[in-house]
Amino acid sequence: MSKMTLTTEGDRYVIVTRHFNASPEAVYQAHTEPELIQKWLLGPEGWTMPVCINEARPGGTFRYEWSNGKGGDFYITGEILELEANRRIVHVERMHLPDATPDNHVETKFVADGAGTLMMMRMTLPDGETRKQMLSTGMEHGMEASYARLDSMS
């Protein structure tokens, strides 16, 4: 059973929450350091991340490239708008499948929760159709596979 919850709000928002058995500092670090991102943000089994660039600073950019070794490659690019160390990341991202999707504005918060961290991510899409297309990919399965991998690292 998935520990992640994904809900929608209005016609443009997706809210993802997930508890991790690690401190906010550790979970934040895993979201900002390329060497760590490359170990857990892989989606379902069989995928790799041969390219992981993350300039973790306001105004910095990122690029993650995934491959399944079967021609299913894709990548994501974006800009980091705000960072509050160990607490919050605000960025804009676009998937390239191969064409770029409309901008997805994402705010991720990391809150101490007992012995662990509650991560709350709010995605803002430009319209309901873009959100519908994004959700139709089954992205929640890859997200939870990645989050389970991250949780096992702590």
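Me: Two strands count as paired if DSSP finds at least two bridges between them. With that criterion in hand, in which sense do β1 and β2 pair, and over how many bridges?

Reply: The model under discussion is a predicted one. In it, 5 bridges link β1 and β2, and the sense of the pairing is antiparallel. One position to inspect is T8, which stands opposite V14 in β2. The two strands form a hairpin with 3 residues between them, and G10 in that turn has a positive phi of about 55°.

Me: What is the sense of the pairing of β2 and β8?

Reply: It is antiparallel, and it extends over 8 bridges. Two pairs of residues allow the register to be followed on the screen: R18 has M119 of β8 as its bridge partner, and V16 stands opposite M121 in β8.

Me: How many bridges join β7 to β8?

Reply: Strand β7, residues 104–113, is joined to β8 by 9 bridges, and these strands run antiparallel. V106 has M123 of β8 as its bridge partner. The hairpin of β7 and β8 has 2 residues between the strands, and G114 takes a positive phi near 65° there.

Me: How should a positive phi be read when the residue is not a glycine, and which residue here has a value near 65°?

Reply: Most residues other than glycine have a negative phi. In this model N86, which is not a glycine, has a positive phi near 65°. N86 is placed in the loop between β5 (74–84) and β6 (88–96). Because its relative accessibility is 26%, N86 counts as partly exposed.

Me: How does one check the geometry of a helix such as α4, and what should its residues span?

Reply: One compares an expected rise with the distance between the ends. Helix α4 has 15 residues (139–153), so at 1.5 Å a residue it should span 21 Å; the end C-alpha atoms are 22 Å apart, which agrees. Residues of α4 that are buried include M139, M143, Y147 and L150, along with the charged E144, R149 and D151. What covers the buried residues includes β1, β2 and β8 as well as the helices α1 (24–32), α2 (34–40) and α3 (128–135).

Me: Which residues lie nearest the centre of the largest pocket?

Reply: Rolling a probe the size of a water molecule over the atoms shows where empty space is left. The largest pocket has a volume of about 1,200 Å³. Its lining comprises 41 residues, and W66, I76, E93, M95 and M143 are those nearest the centre. By class, 25 of the lining residues are nonpolar, 14 are polar and 2 are charged. M143 also belongs to the buried residues of α4.

Me: Separation in sequence and separation in space are distinct quantities. How far apart in space are G128 and R12?

Reply: Their C-alpha atoms are 5.2 Å apart, although 116 residues separate them in sequence. G128 lies in helix α3 and, apart from residues up to four places away in sequence, touches D11 and R12. With a relative accessible area of 24%, G128 is therefore partly exposed.

Me: How far apart in space are N21 and G72?

Reply: They are 32 Å apart from C-alpha to C-alpha, with a sequence separation of 51 residues. N21 is found in the loop between β2 and α1. Setting aside neighbours within four places in sequence, N21 is in contact with K3, G116, D151 and S154. N21 counts as partly exposed because its relative accessibility is 49%, and the cut-off for exposed is over 50%.

Conventions
Residues are numbered from 1 along each chain as its sequence is written. This is a predicted model: local features need pLDDT of at least 70, side-chain atom pairs count only at pLDDT 80 or more; totals for chains, interfaces and linings use all residues. Side-chain values use heavy atoms; hydrogens and water are left out. Helices (H or I, at least four residues) and strands (E, at least two) are DSSP runs, numbered from the N terminus. The expected span of a helix is 1.5 Å times one less than its number of residues. Buried means under 20% relative accessible area, exposed over 50%, partly exposed in between (1.4 Å probe, protein chains only). Contact means heavy atoms within 4.5 Å. On a 1 Å grid over the protein atoms alone, a cavity is a set of points where a 1.4 Å probe fits but cannot get out, and a pocket is an open set with protein on both sides within 12 Å along at least five of seven lines; lining residues have an atom within 4 Å of a point. Grid points are joined across faces, edges and corners, and a volume is the space filled by probe spheres set on the points.
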